[in-house]
Amino acid sequence: MLRMVLRRLGAAGAVCVVAACGPSTADPADRSAGEAVPSTTEATGTRTTRKPSAIPAAGGTGYSASLSARLVTTDALPPGFTVDIATVMAPDAGRQRPGPEVPCADMIPLLSANRLTGTPSAMAAATVSSAEGLDYPWVANEVLRTYADDGARGAMADLRTLIGRCPTVASPGQDGGSYRFAVVPGPRLGDESMRIDSSATSGSTTLEWDSILVRTGTTLVTVHEQGNEPGGDDHLTRLAEAALRSYQTTGP
């Protein structure tokens with residue numbers, strides 16, 4: 001059952017990421033302090049001319065066609081990958097942060113980095129998938145967030161703090177399962193980066209949906225892997241590197 005639930009979440013990836021699918025997050029009450037550890041290595045590249053992409057001209061509130069044009073494209077990925085751009089954006093958690101009175105179970109979208117603290121000035125998102133896999137396709141999401149202030153740095157610091165407070169969360173259901181979240185070593189990209197390993201366990205079944213967040217200036221480039229078995233994250237770092245390179249080589 002857990003496998004099917006997370007696979008279905010993966011199939012609806014872009015919508016879930018931008019609409020903060022999962023248990024509802026309680027309205028935050030106060031700010032938690034946290035320090036982000038800077039990273040020094042950048043994915044660099046010369047400015048490129050890319051294949052034309054079907055960038056929707058308009059979308060819901062918060063959708064940015066110009067930012068969507070900087071998402072990763074199939075020509076930056078191995079053969080067999082597809083990229084589907086989302087046009088529906090939901091707001092992030094805002095400037096206030098969850099206080100100690102907010103249960104960890106209410107913060108699962110925040111803990112898994114599907115939703116972040118802060119208020120982006122613009123967002124873009126896409127589902128990235130590959131048909132390679134015998135049973136299910138490999139599915140991930142890319143999300144770009146630009147900020148008019150220091151929101152990108154603050155979102156990463158807040159995420160570290162929240163995971164430190166809630167590394168293990170009992171499943172909101174009655175199946176006795178649990179969620180686990182951890183900041184783990186990952187690729188050093190952009191001005192700073194972090195990798196989040198998230199997993200859900202029910203009985204003998206464990207599935208993971210890991211994430212890499214990269215800050216470059218006032219922008220966050222985030223990639224989320226959706227519902228794979230442990231060890232099934234072969235493409236995650238490659239996608240993060242390609243997404244960062246696409247963003248850096250297509251803008252001003």
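This is a short tour of a predicted model, moving from a disulfide to a buried strand, its neighbours, a helix and some salt bridges.

**Stop 1: the disulfide**

Start by selecting C104 and C166, and show their side chains. A disulfide joins these two cysteines, with an S to S distance of 1.9 Å. A search of the whole structure finds 1 disulfide, so there is no second one to look for. Now find where its two ends sit: C104 is in the loop between β1 (81-86) and α4 (108-111), while C166 is in the loop between α5 (151-165) and β4 (168-170), so the bond ties together parts that are 62 residues apart in sequence. Look along the S-S bond next. The torsion about the bond between C104 and C166 is about -65 degrees, so this disulfide is left-handed. If you turn on a surface, C104 is partly exposed, at 22% relative accessible area, whereas C166 is buried, at 1%.

**Stop 2: strand β8**

Select residues 211-216, which form strand β8. Is this strand enclosed or not? Of its 6 residues, 6 are buried, so β8 is largely enclosed by the rest of the structure. View the side chains from the edge: S211, L213 and R215 point one way, and I212, V214 and T216 point the other way.

**Stop 3: the strands beside β8**

Add residues 192-202, strand β6, which pairs with β8 in the antiparallel sense over 5 bridges. To find your place in this pairing, pick I196 and look for S211, its bridge partner in β8.

Then add residues 219-225. This is strand β9, and its pairing with β8 is antiparallel over 6 bridges. Here L213 stands opposite T222 of β9. Follow the chain from β8 into β9 and you pass through a hairpin with 2 residues between the strands, where G217 takes a positive phi near 65 degrees.

**Stop 4: helix α6**

Select residues 236-250 for helix α6. Try a distance label between its end C-alpha atoms: they are 21 Å apart, which agrees with the 21 Å that 15 residues should span at 1.5 Å a residue. Colour the buried residues of this helix, among them L236, L239, A243 and Y247. What covers the buried residues of α6? The covering elements include α3 (65-68), β2 (122-130) and β3 (138-146), along with β6, β8 and β9 from the earlier stops.

**Stop 5: salt bridges**

A search of the whole structure finds 7 salt bridges; here are three to visit.

Begin with R97 and D158, whose side chains meet at 2.3 Å, N to O. The pair links distant parts of the chain, with R97 in the loop between β1 and α4 and D158 in helix α5, 61 residues apart. R97 is buried, with a relative accessible area of 9%, and D158 is buried too, at 1%.

Return to β8 and select R215 together with E192: their closest N and O atoms are 2.6 Å apart in a salt bridge. E192 lies in β6 and R215 in β8, so the pair ties together parts that are 23 residues apart in sequence. Relative accessibility is 2% for E192 and 7% for R215.

Finish with R195 and D210, whose side chains form a salt bridge at 3.1 Å, N to O. R195 is in β6 and D210 in the loop between β7 (205-208) and β8, 15 residues apart. D210 counts as buried, at 0% relative accessibility. For a last selection, show D191, E192 and R215, which salt bridges with shared partners join into one network.

How values were computed
Residues are numbered from 1 along each chain as its sequence is written. This is a predicted model: local features need pLDDT of at least 70, side-chain atom pairs count only at pLDDT 80 or more; totals for chains, interfaces and linings use all residues. Side-chain values use heavy atoms; hydrogens and water are left out. A disulfide is a pair of cysteine sulfur atoms within 2.5 Å. Helices (H or I, at least four residues) and strands (E, at least two) are DSSP runs, numbered from the N terminus. Buried means under 20% relative accessible area, exposed over 50%, partly exposed in between (1.4 Å probe, protein chains only). Two strands pair if DSSP finds at least two bridges between them. The expected span of a helix is 1.5 Å times one less than its number of residues. Contact means heavy atoms within 4.5 Å. A salt bridge is a side-chain nitrogen of Lys or Arg within 4 Å of a carboxyl oxygen of Asp or Glu.
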